[in-house]
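Reader: Could you take me through one part of this model closely, and then show me how the rest relates to that part? I would enjoy one connected answer.

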Amino acid sequence: MARPGVRAWHSGRMSLRDAVERNSATPVVFLHQLPRWVLPLTVAALMLVGLVVRGPWGTVCLTVLALFLGWFFYLSWPRLDLTERLLRVAALALLVAFAAGDLI
């Protein structure tokens, strides 16, 4: 008999999604405890610096932003419909394209 909260077919190994969600719990709680203006201001600053500053600093800012948004997109993916998924993929692809273009 399976323990409560454990799927009967579960092999005992944690899936990648389970591991990411489990390891993301602490950072998500930390971000939630920040003042509401900190996260949007940080995202806007990274985007602005990434698009205005040419060279490695711009690329680093856009790459950090892409990694952060990719992490958030991954966490929210199962709850999204097709349109929302396509918009997030397009936004992330555009951000990565800007970061790659900054290297050239």
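Author: Let's start with helix α3, residues 56–76, where helices are DSSP runs of H or I with at least four residues, numbered from the N terminus, and the expected span is 1.5 Å times one less than the number of residues. The 21 residues of α3 should therefore span 30 Å at 1.5 Å a residue, and the end C-alpha atoms are indeed 30 Å apart, which agrees. A word on the ground rules: this is a predicted model, so local features need pLDDT of at least 70 and side-chain atom pairs count only at pLDDT 80 or more, while totals for chains, interfaces and linings use all residues. Residues are numbered from 1 along each chain as its sequence is written, and side-chain values use heavy atoms, with hydrogens and water left out.

Which residues of α3 are buried? Taking buried as under 20% relative accessible area, exposed as over 50% and partly exposed as in between (1.4 Å probe, protein chains only), they are Gly-58, Thr-59, Cys-61, Leu-62, Leu-65, Ala-66, Phe-73 and Leu-75. For the protein as a whole, buried residues make up 16% of the 104 residues.

Now to the aromatic rings. Rings of Phe, Tyr and Trp (its six-membered ring) pair if their centres lie within 6.5 Å, with planes under 30 degrees apart called stacked, over 60 edge-to-face and the rest tilted. The whole structure has 3 such aromatic pairs. In one of them, Trp-71 and Phe-72 are edge-to-face, because their ring centres are 5.1 Å apart and their planes stand at 65 degrees. Trp-71 counts as partly exposed at 22% relative accessibility, and so does Phe-72 at 30%. Together with Phe-68, these two residues form one aromatic cluster.

Another ring, that of Tyr-74, has the charged end of Arg-17 over it, 4.2 Å from the ring centre; the rule asks for NZ of Lys or CZ of Arg within 6 Å of the centre and within 35 degrees of the ring normal. Arg-17 also meets Glu-21 in a salt bridge (3.3 Å, N to O), a term for a side-chain nitrogen of Lys or Arg within 4 Å of a carboxyl oxygen of Asp or Glu. The count by this rule comes to 1. Both partners belong to helix α1 (residues 16–33), 4 residues apart, or about one turn of the helix. Glu-21 is partly exposed, at 30% relative accessibility.

Helix α4 (residues 82–103) brings in Arg-88, which is partly exposed with a relative accessible area of 27%. Counting contact as heavy atoms within 4.5 Å, and leaving aside neighbours within four places in sequence, Arg-88 is in contact with Phe-73, Ser-76 and Leu-80. The C-alpha atoms of Arg-88 and Leu-69 are 8.9 Å apart, although the two are 19 residues apart in sequence. Ala-99 lies in α4 too and is buried, at 7% relative accessible area. Beyond residues up to four places away, Ala-99 touches Thr-59, Leu-62 and Thr-63. Of these, Thr-59 and Leu-62 are among the buried residues of α3.

Stepping back, the protein has 4 helices and 0 strands, in the order α-α-α-α along the sequence. Among contacts with a separation of 6 or more, 58% are between residues 24 or more positions apart.

Conventions
Helix = DSSP H or I, 4+ residues; strand = E, 2+ residues; numbered from the N terminus.
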